[in-house]
Amino acid sequence: MILYGKQCISDADINAVVDVLEKGNLTQGPKIREFEKAICTYTESSFAIAVNSATSALHIANLALGVGPGDRVWTSPITFVASANSVLYCGATVDFVDVDINTGNMSIVSLESKLIDAKSKGTLPKVVIPVHLAGHSCNMAEINKLAKIYGFRVIEDASHAIGGRYGDHKIGACEFSDICVFSFHPVKIITTAEGGVATTNDPELANMLMMLRSHGITKEQNSLLRPNEGDWYYEQHYLGFNYRLTDLQAALGLSQLTSIDNFTARRNTISAQYRELLKEQPLDFIEPLSDCFSARHLQIVKLHDESSRRTIFDTMRSLGIQVHVHYFPVHLQPYYLKLGFQEGDFPEAELFYKKIITLPLHPQLTTEDLNFVCSNLIELLQQ
Ligand SMILES: *Cc1c(COP(=O)(O)O)cnc(C)c1O
């Protein structure tokens, strides 16, 4: 099977994990801080809070920004369900902003017109969560401009995008957002098996995120509300969670991070080869903004003739090519239909979904794999 995505685990990665196993501290050891510092350095952010998944990071990011019952949060319908679910965990209301059909990313035009409408009705969002589909950054400068005008905060769901750049800044630098979230699930750019991280430049948000990932508890002397009763003493200030990453995972993440630029370079090379091999075909590529470097998490192509998608998908799968579709629009999930969303609510997202297919893309994909994928796809497109 040629997988659509796959982790790259080196001997150094294995040794890093074994080293932690042999030395003791399996969780909450020194590797967590080291990993967080390395993420800060790499992403050019001030704070990084490592957690057990990007879903957890999104949940506590919403909470840290004060999202709760009565609040509204908007995200993209073309994403993994977690971007939207994280809002519902907080008891808030989620809504979607339609995408730009050329990129699958949140449309700035749709966002602005939805904001104008919401302002007139008194239903403005507290937070907007743009999603960098396939690793291609959303237009963050424009989102930030609207955030200032309409008074909302911004969480980047950059689960696909670590290793990428928006203009001069690393994704994760939070130049135009309050918090940025990455995923380290095995299909993503680097992995900790399960895991995620939230970056921010705001010390108060960082403190809140840190407390929420571990039961809402603090041991920091200058945060204590009561007299310190001794070295055993800690205080719970909020209703937090156990969202901690283990030291084993942090050691794996630290080791993986040393290869990230090789991974994204290889992904970009393969993606360019796909564009070359498929340039005459009746399909379009989704491309990053001109001044951005994409981590190229997913190789999404948009078929001109959506009626051929199902046959192409099924035939490719039967040939051992694990094509995929990213994503079925979240608002059409049965759970979300029950919340009142309907077909037709976000027409660009629905049309985008019908046309897309994800081709295999990961650093270990060989030229032979690539040629096999492309020759079969071309044959199917000509039927
Ligand atoms: C993978 C992913 C998530 C969730 O990541 P986990 O680490 O598995 O919780 C959230 N949003 C997007 C866009 C994703 O692709």
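A residue is called buried when its relative accessible area is under 20%, exposed when it is over 50%, and partly exposed in between, using a 1.4 Å probe and protein chains only. By this scale His215, with a relative accessible area of 33%, is partly exposed. The structure is a predicted model, in which local features need pLDDT of at least 70 and side-chain atom pairs count only at pLDDT 80 or more, while totals for chains, interfaces and linings use all residues. Residues are numbered from 1 along each chain as its sequence is written, and side-chain values use heavy atoms, with hydrogens and water left out.

The chain as a whole may be considered before its parts. It contains 13 helices and 15 strands; helices (H or I, at least four residues) and strands (E, at least two) are DSSP runs, numbered from the N terminus. The radius of gyration, taken over C-alpha atoms, is compared here with a globule rule of 2.2 Å times the number of residues to the power 0.38. For this chain the radius is 21 Å, close to the 21 Å that the rule gives for 383 residues, so the chain is as compact as a globular protein of that length. Along the principal axes, its C-alpha atoms fill a box of roughly 75 × 60 × 40 Å. Of the 383 residues, 56% count as buried. The chain exposes about 16500 Å², of which carbon and sulfur atoms supply 51%; such areas come from the Shrake-Rupley method with a 1.4 Å probe, and for residues only the protein chains shown count as cover. A contact means heavy atoms within 4.5 Å. Among the contacts with a separation of 6 or more, 73% join residues 24 or more positions apart.

The strands come next. Strands of a sheet pair through backbone hydrogen bonds, either parallel or antiparallel. In this description two strands pair if DSSP finds at least two bridges between them. One open sheet has three strands in the order β12-β14-β15, with antiparallel pairing. Strands β12 (283-285) and β15 (356-359) stand at the edges with a single partner strand each, so one side of each has no neighbour in the sheet. Neighbouring strands of this sheet are turned by 35° against each other on average, direction ignored; the axes are lines fitted to C-alpha atoms, for helices over the stretch in contact, and angles run from 0 to 180 degrees between N-to-C directions.

Strand β14 (residues 299-303) pairs with β15 in the antiparallel sense over four bridges, and Lys302 has Ile356 in β15 as its bridge partner. Lys302 also appears in the surroundings of Lys355, a residue of helix α12 (residues 347-355). Leaving aside neighbours within four places in sequence, Lys355 is in contact with Val301, Lys302, Leu303, His304 and Glu306. Lys355 is buried, its relative accessible area being 14%.

A further antiparallel pairing joins β1 and strand β9 (residues 196-200) over five bridges. Within it, Ala48 has Thr199 in β9 as its bridge partner. Four of the five residues of β1 (residues 47-51) are buried, so this strand is largely enclosed by the rest of the structure.

Aromatic rings form another set of links. Rings of Phe, Tyr and Trp (its six-membered ring) pair if their centres lie within 6.5 Å; planes under 30 degrees apart count as stacked, over 60 as edge-to-face and the rest as tilted. The whole structure holds nine aromatic pairs. In one of them, Phe96 and Phe341 meet edge-to-face, at 5.1 Å centre to centre and with 70° between the planes. Phe96 belongs to strand β3 (residues 93-96) and Phe341 to the loop between α11 (334-338) and α12, so the pair ties together parts that are 245 residues apart in sequence. Phe96 is buried at 0% relative accessibility, and Phe341 is buried at 13%. Phe341 also forms a tilted pair with Tyr336, at 6.4 Å centre to centre and 40° between the planes. Tyr336 is buried, with a relative accessible area of 1%. One aromatic cluster is formed by Phe96, Tyr335, Tyr336, Phe341 and Phe346.

Finally, some loops show backbone features to note. The peptide bond from His326 to Tyr327 is cis, with omega near 5°, and Tyr327 lies in the loop between α10 (309-318) and α11. Gln28, in the loop between α1 (11-23) and α2 (30-43), is not a glycine yet has a positive phi near 55°. Gln28 counts as exposed at 52% relative accessibility. His215, also not a glycine, has a positive phi of about 65° and lies in the loop between α7 (203-213) and β10 (217-218).
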